[in-house]
Amino acid sequence: MLPSFELLEPHSLDEALKMLATSEATPLAGGTNLLPDLRAHGRAGRRFISLAALDQLRGVEHKGNRVIMGGSTTLNDILRDPLMPKAAPSLVSMAKVFAGTMIRNAATIAGNICYGSPSADAIPPLLSVDAEVTLTSAAGERTLPLDSFLLGYKKTAHQPDELLKTVAWTIPAADSANLFYKLGRRRGDAITVVGVAVTVVIESGSCSKARIALGSVAPTVFRAKEAENILIGGPLTAATIDQAALTAAQASRPIDDIRASAEYRRHAVHMLVRRLLTQAWQTSGAKQHD
Ligand SMILES: Cc1cc2nc3c(=O)[nH]c(=O)nc-3n(C[C@H](O)[C@H](O)[C@H](O)COP(=O)(O)OP(=O)(O)OC[C@H]3O[C@@H](n4cnc5c(N)ncnc54)[C@H](O)[C@@H]3O)c2cc1C
């Protein structure tokens, strides 16, 4: 049974921010993390602020080559957006394998990011497109790279009086590939064993930019930056791809749990990063040389 709780229901963003500044309440979006947690470990009398009526926080704007997504945009909103397959292919691949449709109707992008779970599926794709988050409070707004927002296991730079207002990024360049793969114990409704998102930008047959983001293999989702650097400045040969994939696996700090051993996860990172980089190189239109 759910312990009793108090629910504040603001009708505007300003009202919500005032409540957050003064009432020690927690934002409640889709509730798909918070309510199971409350049922499992909650104490009675907690206070929540429902974001349900704040339409300003929901929806996707495409402005030139920028995408600005409201924090309360749901996973199914992402799948319904006709421009998203070009704006962030990895995010669409992720949304297709995120939970089941009922959860996707409620689960929001801000809830996924702010919960700070190492297995948050939306984070690797967003890191792979260099997303930034904008946080707003009664005192003002600040924008920071998503990469620096993630501080550790269920620890983020989010302050109690702030709401995550938007997530924004620049659409990947034309000569690029942006891919995601989720390894789980089964196809539907599975907590991720390893999540990988990669971006490569190829200019005149040479890799000018690379991103490798990994989920479920460290206390927080992270970018394997040393591995990314191996790819820059030349064609992606089988040897460089394998070296980068191995370096990404070595940068992982997985744990043993009921879903997989740490050793298996590290091996899966090596194999999946190698597979996605190979696919990315091939789909970005370049020819691989050995
Ligand atoms: C059956 C089931 C299947 C699931 N499958 C997956 C899956 O495949 N992949 C996956 O990654 N997750 C999965 N989840 C976890 C969960 O659905 C997601 O993390 C979801 O994105 C959380 O969003 P929410 O809107 O429900 O967040 P909530 O539960 O409402 O909130 C989560 C946290 O974010 C904070 N928050 C929410 N919105 C804001 C905001 N705008 N500003 C500041 N803080 C905010 C809340 O205060 C809270 O701390 C699953 C959960 C269930 C129950």
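Q: Which of the 29 residues around the ligand come nearest?
A: In this predicted model, the nearest are Ala29, Gly30, Thr32, Gly111 and Asn112. A residue enters the shell when its C-beta atom, placed from the backbone, lies within 6 Å of the ligand.

Q: Which element gives the most to the shell around the ligand?
A: Helix H7 does, with 5 residues. H7 spans 109-115, and at least two shell residues each also come from strand E2 (26-28), helix H2 (34-41), helix H6 (101-106) and strand E10.

Q: What is the make-up of the shell around the ligand by class?
A: The shell has 17 nonpolar, 10 polar and 2 charged residues. Gly counts as polar under this scheme, so Gly30 and Gly111 from the nearest group fall in the polar class.

Q: Which domains does the shell around the ligand draw at least three residues from?
A: Domain 1 (5-49) and domain 2 (57-170) each supply at least three. The assignment for the protein chain also gives domain 3 (179-283). The centres of domain 1 and domain 3, taken over C-alpha atoms, are 36 Å apart.

Q: What makes E1 and E2 the edge strands?
A: The sheet is open, has 3 strands and runs E1-E3-E2 with parallel pairing. E1 (5-8) and E2 each pair on one side only, which puts them at the edges. Neighbouring strands here are turned by 35° against each other on average, direction ignored.

Q: Why are E1 and strand E3 said to pair?
A: Pairing requires at least two bridges. E1 and E3 (residues 46-50) have 4, in the parallel sense, so they qualify. Across this pair, Leu7 stands opposite Phe48 in E3.

Q: Why do E4 and strand E7 each have one side left without a neighbour in the sheet?
A: This open sheet has 5 strands in the order E4-E5-E10-E6-E7, with antiparallel pairing. E4 and E7 (140-145) are its edges, and each has a single partner strand, so one side of each lacks a neighbour in the sheet. The average turn between neighbouring strands is 20°, direction ignored.

Q: What packs on the sheet, touching strand E6 and E10?
A: Helix H1 (residues 13-22) does. The direction of H1 makes about 75° with that of E6 (132-137).

Q: What do E4 and E5 form, with 2 residues between them?
A: They form a hairpin. Strand E4 (residues 60-63) and strand E5 (residues 66-70) pair in the antiparallel sense over 4 bridges. In the turn, Gly64 has a positive phi of about 60°. Lys63 stands opposite Arg66 in E5, and the bridge partner of His62 is Val67.

Q: In what sense do E5 and strand E10 pair, and over how many bridges?
A: E5 and E10 (residues 163-170) pair in the antiparallel sense over 5 bridges. Pairing needs at least two, so the criterion is met. Met69 has Val167 in E10 as its bridge partner.

Q: Why is the protein chain called as compact as a globular protein of that length?
A: The chain holds 12 helices and 14 strands. Its radius of gyration is 19 Å, close to the 19 Å that the globule rule gives for 290 residues, so the description fits. Along its principal axes, the C-alpha trace spans about 60 × 45 × 30 Å.

Definitions and conventions. Residues numbered from 1 in each chain as written. Predicted model: local features only at pLDDT ≥ 70, side-chain atom pairs only at ≥ 80, totals over all residues. Domains from an automatic or database assignment. Axes fitted to C-alpha atoms, helices over the stretch in contact; angles between N-to-C directions. Contact = placed C-beta atoms within 7 Å. Rg over C-alpha atoms; globule rule 2.2 N^0.38 Å.
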